[in-house]
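Q: Can you walk me through this structure? I'd like to start with what counts as a contact.

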Amino acid sequence: MFDTLTSRLSATFSSLRTRGKISKGDIESTCAEIRQALLESDVALEVVESFIDQISVKATAALETIQSGTSQANAVFEIVNASLIEILGGQTRRVRFSKNPPTVIMLAGLQGAGKTTLAGKLAKFYSDQGNTPLLVASDLQRPNAVTQLQVVGESIGIPVFAPEPGNGVGDPVKVALAGVAFAKAKLYNMVIVDTAGRLGVDADLMKQASDIRDAIKPDEILFVVDAMIGQDAVRTSQAFLNGVGFDGVVLTKLDGDARGGAALSIASLTERPIMFASTGEKLTDFDIFYPERMASRILGMGDVATLAESAKKAFDSQTSAKLEAKFESGEDFTLEDFLEQLSAMSKMGSISKLMGMLPGSGALKKQIDGFDEGEISRTTAIVQSMTPKERREPKILNGSRRARIALGAGRKVSDVNNLVDRFSAAQKMMKQLRNGAVPAGMSGMGLPPVKAPVKASKKKSKSGNPAKRALEESQ
Amino acid sequence: MGLFSTFIAKIKGENSFAPADWKELESELLASDIGPTLTRQLLETARKVKSENAQEALIETLTAHLCTKSRLPLINSEGTTVIMIVGVNGTGKTTSVAKLAAHIKKSGSSVIVAAGDTFRAAAVEQLQTWGKRIDVEVISGKANGDPASVAFDGVKKAKQEATDYLVIDTAGRLHNKSDLMHELEKVKRVVEKVSPVSEVLLTIDATTGQNGMAQAKIFSSAVNVTGIILTKLDGSARGGIALAIESELHIPIKWIGTGEKEGDFAPFDSEAYILGLIA
């Protein structure tokens, strides 16, 4: 299979960690492996080279000051992590709101990068935060791009300014200008202008984009780029930078399996920050881009911060406070709590996506991608077929009770057995966790082929604390 | 560009090259998206040949990686030839469907298209607009309806009317979404109840990097891709990933897309492509 950057790098670092003492040669071979991994992930050669040089110099310097093998390996890992964050743009940058509304945002990019869908996602994102965006349909080129934007706008309840039918009819500059004037008159505080996709080499269309820019003087121009783009990212982003100019980058289709490469090249070569990332087909699959989190994901450390945030959104504060109190008091985690978590989890989104944010998930990639989302509802059905007493005391589940539950849930008795077994294993692990022991690695997760309940309860143990931590940090 | 020819000149003229030159050649090869593995092989070849025919040697090496399967369109001699167009979001499926239909029509055969992308907003309308433009009938269903049922209606109609060709558009999907890949398998299965699918064409965007390999692999194992349409070759990208796909997966590139107009579509010319890669 195609190796992702993440799994390649995890392998490199785990071999580095097994060394007793790290020599200069080890650094060199590690750098060579990172280089290969980056190239296979479409990072531009010049970016790769400067990245490798930087790491090699810093790591060699670090070797001299640290003696023991493991901490040397950790130091190298930290250096790579820091360099990745730096190359990804360092700090997260937000959209600058204009002092005189409306704030005008213009989108530009290649055909098929996902501009129109993104316009909708951006509008939804800001309208959820209390802004009043207006979408402007200035892509008059692609057949029915205007209709597409109208359908998108309607589905999220955002008005679309579309005076021209498109399909080659109308002047996109005039539409953009009229759209901004309309927003000003009607007191919208944000305008998002969708433009036609264009090639970097197409001088006419680049001119059109810069004409739109000159006419509406946007506060932010966002360059929308497909995360799967290859080495052409260099030329294309340069062409857009020179042709229209842009203030920030939006990465789309980041839910594919090509994470990382293009992001690294573009941020580093254009010195423009990646501001947003789009991660799915739904209009809510969109978020601010965090360089540290991306770096953690690339290095296989997971993205616990995002996981904690989505957990915070899904678990109402009462439920999580109750669970936390339970956890701390040493009371047993019951199937009732489990059921509550299952329903909260289905609110958080697809399990495979959540799992992908966990540390070490790189190694489980295949299982995660192949995860059967229906497993959640099947597991829920089994627990719901139990009596409250059974949920609190799974020990009383004898053969006839199990048979009844299986019948009620429409599953086999072996499924019920499986769930109960795995639940008690999870319960045991929770106890270990509480006693301060680190659970026997996330590797335990790899054991059974389908292991929703174990995963689920572990998720609680994972997300509970960071959520609290994130909450504390944010206060 | 022209960097490559500079190298050839250098290789011809001298017996030894500075390491910096090799770096530049490596960078140029990588920039075409053929990938690090193929690049390494080519560099090895380049290091061996230092003679007058260096250019031919490199072109030969590249050509050796092309797939040996026929690039001719597959047809169903006993009835309607059914062609399915599949691919990742934004690679140009709908546009390719329209261009292919226009191409078939021009060659004198009858064709209808089925708007199987019921997911993306206004994708059906996009194809209908194309249909009017190229004067080809478009079979469509409800928005967010079952794509398999649209495809089924299309193939039934094509069979009834004894149309020569049916081209089925499908919704864009990322290859790592297994449920969406299963949906695609279902579309094919349902169509095959009426008539065999002669050709499954995968659209690969020329700007795609090494991820294109994963796309080709997974789409192939789901619906048995018989050929590739390399789209957006009119930009600055050279589409080297397609060569890597041909080399590793033996799926032939059959068509190329070079623009937004219906005529910007042609059968793949391997010689021109190889020259373009190293231009």
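A: Two residues are in contact if their C-beta atoms, placed from the backbone, lie within 7 Å. Keep in mind that this is a predicted model.

Q: Good. How many residues does each chain, A and B, put into the contact?

A: Chain A gives 38 residues and chain B gives 32.

Q: Which helices of chain A each supply at least two residues to the side that touches chain B?

A: Helix H2 (24-40), helix H6 (145-156) and helix H9 (232-243) of chain A do.

Q: Which gives the most?

A: H6(A), with four residues on the side of chain A that touches chain B.

Q: And how do the residues on that side of chain A divide?

A: There are 16 polar, 13 nonpolar and nine charged residues.

Q: Switching to confidence. What does chain A average in pLDDT?

A: Chain A averages 80, and 77% of its residues score at least 70.

Q: Where does pLDDT stay under 50 in chain A?

A: Over residues 438-463 of chain A. The model has 45 contacts beyond four places in sequence for that stretch. Where pLDDT is low, the predicted coordinates should not be read in detail.

Q: OK, chain B now. What domains is chain B divided into?

A: Domain 1 of chain B covers 3-64 and domain 2 covers 81-268. Their C-alpha centres lie 36 Å apart.

Q: How many residues are in contact between domain 1 and domain 2 of chain B?

A: Six residues of domain 1 of chain B are in contact with ten of domain 2. On the domain 1 side, three are nonpolar, two polar and one charged.

Terms used: Residues are numbered from 1 along each chain as its sequence is written. Chains are lettered from A and ligands numbered from 1 in the order in which they are written. This is a predicted model: local features need pLDDT of at least 70, side-chain atom pairs count only at pLDDT 80 or more; totals for chains, interfaces and linings use all residues. Domain bounds come from an automatic or database domain assignment. Ala, Val, Leu, Ile, Met, Phe, Trp, Tyr, Cys and Pro count as nonpolar, Asp, Glu, Lys and Arg as charged, and the others, Gly among them, as polar. pLDDT is the predictor's confidence in each residue, from 0 to 100.
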